[in-house]
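Me: Here is a model to go through. Let us take the sheet, then the helices, then the cores.

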Amino acid sequence: MKYLLWYCFLLLPFLSYGQELTSYRDTVHNFSVGIPAGWQVMQAPASSPVKLLAGRLSANSTQRMPEKFNVTIIDAPRSNLYAEVKKLLNYTRHNPYFKLVDSSTTVNRGKRLFRMDEIHQEPNIPDTFFASIFVSYTNNKVYLLTASTLLPFSADFRPLFHQVGTSFKTGKASRKERLKIAFPTTEKWKTIVDTDVDNLATRQLLPENETPDNWTQLLNEMTMEQGQVANIDQAVKSFTGAALQQSPNATVTLLAKENLPKRRWALFKVESPVSAVQAPQSQLYYVMQGPEAFHVVFIARKESFLLPSFIKTWGDIFRKSQVVYE
């Protein structure tokens, strides 16, 4: 089973200016933005300054259309928004491929946001593009949101681009209920994914010396905000059912549970043997009902079976986890 990205999310849209947007929040890079309905979200390589890619899909198809936007973050210590905007305008002014159409400055949640609409061409490409660029400066970093389409479609998509730009916020978000894992003091873990999409927050962590392409242990956390489960057995059935769909030969074992009004939790394991189509992978799950959210955490290992000592160690870690607000 593959858990390295959670971007096949069930997006719960909210209405804004008559167009459906879905809130996307990245708490590693401290920004949030609205994703238009029917757009696909993609993640750039960790080393890239581009931290989010989104593109429009054609109706009832996976084919990508010309419309897209990205969020780019660039280190700019001891600078400010005006200095960075001046650099951008100077570049545009002296670049024959760019033409400034319009610009404005607004204040969004106390932070000033610069917008400019421009027309540009790219070397060796015959098409002309229209783009709306939004610039914010926060914590010694420049945040740029660039939304673009082909020039003939600019009148149709310019209002949507402005709406997406209006939803663009930078800086730390408000505190929300999360499950804090009590990691062993002898181990160091690093966060590789930390996103918040409407009512679904996800995190992925790896041991400090491992990489997303070559790992032995992968920890996954998921928080369903405002999620309430009346019976913990329903949650166990839901997650084990999804695991069995991915690996029909897997074995599910319920290890412990409580199903009281203020103490709803379960610990279970899913062990997947070697098959002709996939490598072995097993997971230890802990699901828990919090005061305001439902929490799921599991650790995956590339093994057919989980050793009793591993289950004891991580079962204790999960049980000692505490609900915090961050």
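Me: In what order do the strands of the open sheet run?
Reply: This is a predicted model, where local features need pLDDT of at least 70, side-chain atom pairs count only at pLDDT 80 or more, and totals for chains, interfaces and linings use all residues. Residues are numbered from 1 along each chain as its sequence is written, and side-chain values use heavy atoms, without hydrogens and water. Strands are DSSP E runs of at least two residues, helices H or I runs of at least four, numbered from the N terminus; two strands pair if DSSP finds at least two bridges between them. The 7 strands pair antiparallel, in the order β4-β5-β6-β10-β9-β8-β7.

Me: Which strands stand at the edges of this sheet?
Reply: Each edge strand has a single partner, so one side of each is left without a neighbour in the sheet. These strands are β4 and β7 (98-108).

Me: How many bridges join β9 to β10?
Reply: The two strands run antiparallel. One bridge pairs Ala 131 with Ser 148 in β10. The number joining β9 to β10 is 10.

Me: Which element gives the largest share of the largest nonpolar core?
Reply: Such a core is a set of buried (under 20% relative accessible area, 1.4 Å probe, protein chains only) Ala, Val, Leu, Ile, Met, Phe, Trp, Tyr and Cys residues joined through side-chain atoms within 4.5 Å. This one has 24 residues, with Leu 145 and Phe 168 among those with the most contacts inside it. Elements giving two or more residues include β9 (128-138), β10 (141-150) and α2 (154-167). The largest share, 4 residues, comes from α2.

Definitions and conventions. Buried < 20%, exposed > 50% of the residue type's maximum accessible area, 1.4 Å probe, protein only.
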